[in-house]
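This report walks through the fold of one protein chain, then turns to a pair of annotated positions and to the packing of two helices. Please keep the sequence and the structure in view while reading.

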Amino acid sequence: MKRLIVGISGASGAIYGVRLLQVLQSCAEVETHLIVSNAARQTLAMETDYSLRDVTSLASVVHDVRDIAASVSSGSFRCHGMVILPCSMKTLSAIVNSYTDDLLSRAADVTLKERKPLVLCVRETPLHLGHLRLMTQAAELGAVIMPPAPAFYHRPQSVQDIVDQTVNRVLDQLDIQLEQDLFERWQGSKP
């Protein structure tokens, strides 16, 4: 069983985190540990038709963002890695600066110190130099910086297609294989 910590921060793009949880429900070998930031609660309500209850029901285990003593706050908690999708600049800054005032930033800090994969799907545009420096620092600490930038080689027909491609690529970073990919992978140019 792979334990995966899934964080949803307040950045725009909450649907990415919801879709990741939906997809992971079909993976019997993955146990999801969800942390939803306070700002993400607002973003979910503004951007989606999903209630917080709908989203938390998709996770194996739900942790309160205020519970700094939760199991995922310790290096002794065995897990495969962590993804924050989407990741706000505030959350990125907290992680880079080891400012662990909530469970989301603490779990990410622990993931880094334990040398487990941490995928940060930073969602902001345009980026100023401070954002770029934070992303560089996070990468230097060992995080994977993976903004949810849409690809078009698979010829998406809907927003769902775009979201699915990003979710599948995030799972690739965590070495989690689906029975069937959510998009058509690049096969090279066709003559």
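## The sheet

In this predicted model, six strands form an open sheet, in which the pairing is parallel and the order is β3-β2-β1-β4-β5-β6. The edges of the sheet are formed by β3, covering residues 61–63, and by β6, covering residues 144–145, each of which pairs on one side only. Within the sheet, β1 (residues 2–8) and β2 (residues 30–36) are joined in the parallel sense over seven bridges, and one can be traced on screen by starting from Lys2, whose bridge partner in β2 is Val30.

## The annotated positions

Which residues does the unreviewed UniProt entry list under "binding site"? The record names Tyr153 and Arg169, and although these are spread over 17 residues of sequence, they cluster in space, with a largest C-alpha distance of 13.7 Å. Tyr153 is found in the loop between β6 and α7, the latter being residues 159–173, whereas Arg169 belongs to helix α7 itself.

The table sets out the accessibility of the two residues.

| Residue | Relative accessible area | Class |
|---|---|---|
| Tyr153 | 36% | partly exposed |
| Arg169 | 30% | partly exposed |

The class follows from the cut-offs, because a residue counts as buried under 20% and as exposed over 50%, and as partly exposed in between; Tyr153, at 36%, is therefore partly exposed, and Arg169, at 30%, is likewise partly exposed.

Leaving aside residues up to four places away in sequence, Tyr153 touches Gln165, Phe183, Glu184, Arg185 and Trp186. With the same exclusion, Arg169 is in contact with Met146, Phe183 and Arg185, so that Phe183 and Arg185 appear in the contact lists of both Tyr153 and Arg169.

## Two packed helices

Two packed helices are described by the angle between their axes and the distance between the axes. For helix α4 (residues 89–96) and helix α6 (residues 129–141), the angle is about 45° and the axes lie 9 Å apart. How are α4 and α6 oriented to each other? An angle from 35 up to 65 degrees is neither roughly parallel nor roughly perpendicular, and α4 and α6 are therefore oblique to each other; their crossing is left-handed. At the interface, α4 contributes Met89, Leu92, Ser93 and Val96, which meet His131, Leu134, Met135, Gln137, Ala138 and Leu141 of α6.

Note on methods:
Residues numbered from 1 in each chain as written. Predicted model: local features only at pLDDT ≥ 70, side-chain atom pairs only at ≥ 80, totals over all residues. Heavy atoms only, no water. Pairing = 2+ DSSP bridges. Helix = DSSP H or I, 4+ residues; strand = E, 2+ residues; numbered from the N terminus. UniProt positions renumbered as here; feature names shortened; annotations may be inferred. Buried < 20%, exposed > 50% of the residue type's maximum accessible area, 1.4 Å probe, protein only. Contact = heavy atoms within 4.5 Å. Axes fitted to C-alpha atoms, helices over the stretch in contact; angles between N-to-C directions. Parallel < 35°, antiparallel > 145°, perpendicular 65-115°, else oblique. Left-handed = near helix turned anticlockwise from the far one by under 90°.
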